[in-house]
Amino acid sequence: MTNHEALSLAEACGSALFERDAASQAMGMRLLSVAPGQARVGMSVRADMVQGHGTCHGGYLFALADSAFAFACNSYNEATVAIGCSIDYVAPARLGDTLTAQASEQSRSGRTGNYDVRIENQNGQLIALFHGKSYKVRGTVLAQETPDD
């Protein structure tokens, strides 16, 4: 597969997965880019995402990173799920911030992969670091065409 074909496949997988992802859409996430083993997802911090201390609830940050992780590890058209994730919150995100989660594949072998996600705000300030471990299951991201019987 050429680099162009791999990029086209990754973009098709990202688009198909995002179209079916009601959770990410409900949080206002935007799929910014997908490449093999990579993804960028954006999200603006809304008033309903702010917790009692006046900053973005960590669960929304985790969800943003988890979504970027999902798009990155599913970019090869092999259905892949998370088997473990962790996050370190570095700085608070605030109401109105525009966040970007950049997921990058660190390793991929057999059925498992390791991905790091960096969340930054609109000023390039580091907000959180996330690590996810993926597991390839049966199936594909894109619908398989079946011959007519």
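This passage describes the overall fold, the nonpolar core and several individual residues of a predicted protein model.

The protein contains three helices and six strands. Along the sequence, these elements follow the order α-α-β-β-α-β-β-β-β. The radius of gyration is 16 Å, close to the 15 Å that the globule rule gives for 149 residues, so the protein is as compact as a globular protein of that length. The C-alpha trace spans about 60 × 30 × 25 Å along its principal axes.

Buried residues account for 37% of the 149 residues. Among contacts with a separation of 6 or more, 64% join residues 24 or more positions apart. The exposed surface comes to about 8,000 Å². Carbon and sulfur atoms supply 50% of that surface. The protein carries 11 positive and 15 negative charges, and the mean positions of the two sets are 6 Å apart.

The largest nonpolar core holds 33 residues. Within this core, Leu-64, Leu-99, Val-117 and Ile-119 touch the most other members. Six elements each supply at least two residues of the core: helix H1 (3-19), strand S2 (38-44), helix H3 (58-73), strand S4 (98-109), strand S5 (112-120) and strand S6 (126-136). The largest share, nine residues, comes from H3.

Leu-99 has a broad list of contacts beyond its neighbours within four places in sequence. Among them are Val-41, Gly-42, Met-43 and Val-45. Leu-61, Leu-64 and Ala-93 are also in contact with Leu-99. Further partners of Leu-99 include Ile-119, Glu-120, Asn-121 and Ile-127.

Met-29 lies in the loop between helix H2 (22-26) and strand S1 (30-35). Its relative accessible area is 4%, under the 20% cut-off, so Met-29 is buried. Beyond residues up to four places away in sequence, Met-29 touches Phe-18, Ser-24, Val-41, Gly-42, Met-43, Ala-63, Leu-64 and Ser-67. Leu-64 and Val-41 are thus named as partners of Met-29 and of Leu-99. The C-alpha atoms of Met-29 and Ser-44 are separated by 7.6 Å, with the two residues 15 apart along the chain.

Ala-39 has its place in strand S2. Its relative accessibility is 1%, and Ala-39 counts as buried. Several alanines touch this residue, including Ala-68, Ala-72, Ala-101 and Ala-103. Ser-33, Val-34, Phe-71 and Gln-102 are also among its contacts, not counting residues up to four places away in sequence. Ala-39 and Glu-105 are 66 residues apart in sequence, yet 9.3 Å apart in space, C-alpha to C-alpha.

Ile-87 lies in strand S3. This residue is buried, with a relative accessible area of 17%. Leaving aside neighbours within four places in sequence, Ile-87 is in contact with Leu-61, Phe-62, Ala-128, Leu-129 and Phe-130. Ile-87 and Thr-2 are 85 residues apart along the chain, and their C-alpha atoms are separated by 34 Å.

Asn-77 lies in the loop between H3 and strand S3 (80-89). Asn-77 is buried, with a relative accessible area of 14%. Its phi is near 65 degrees, a positive value in a residue other than glycine. Most residues other than glycine have a negative phi.

Note on methods:
Residues numbered from 1 in each chain as written. Predicted model: local features only at pLDDT ≥ 70, side-chain atom pairs only at ≥ 80, totals over all residues. Heavy atoms only, no water. Helix = DSSP H or I, 4+ residues; strand = E, 2+ residues; numbered from the N terminus. Rg over C-alpha atoms; globule rule 2.2 N^0.38 Å. Buried < 20%, exposed > 50% of the residue type's maximum accessible area, 1.4 Å probe, protein only. Contact = heavy atoms within 4.5 Å. Areas by Shrake-Rupley, 256 points an atom, 1.4 Å probe, with all protein chains shown as cover. Lys, Arg positive; Asp, Glu negative; His and termini not counted. Charge placed at Lys NZ, Arg CZ, Asp CG, Glu CD. Core = buried A, V, L, I, M, F, W, Y, C linked by side-chain atoms within 4.5 Å.
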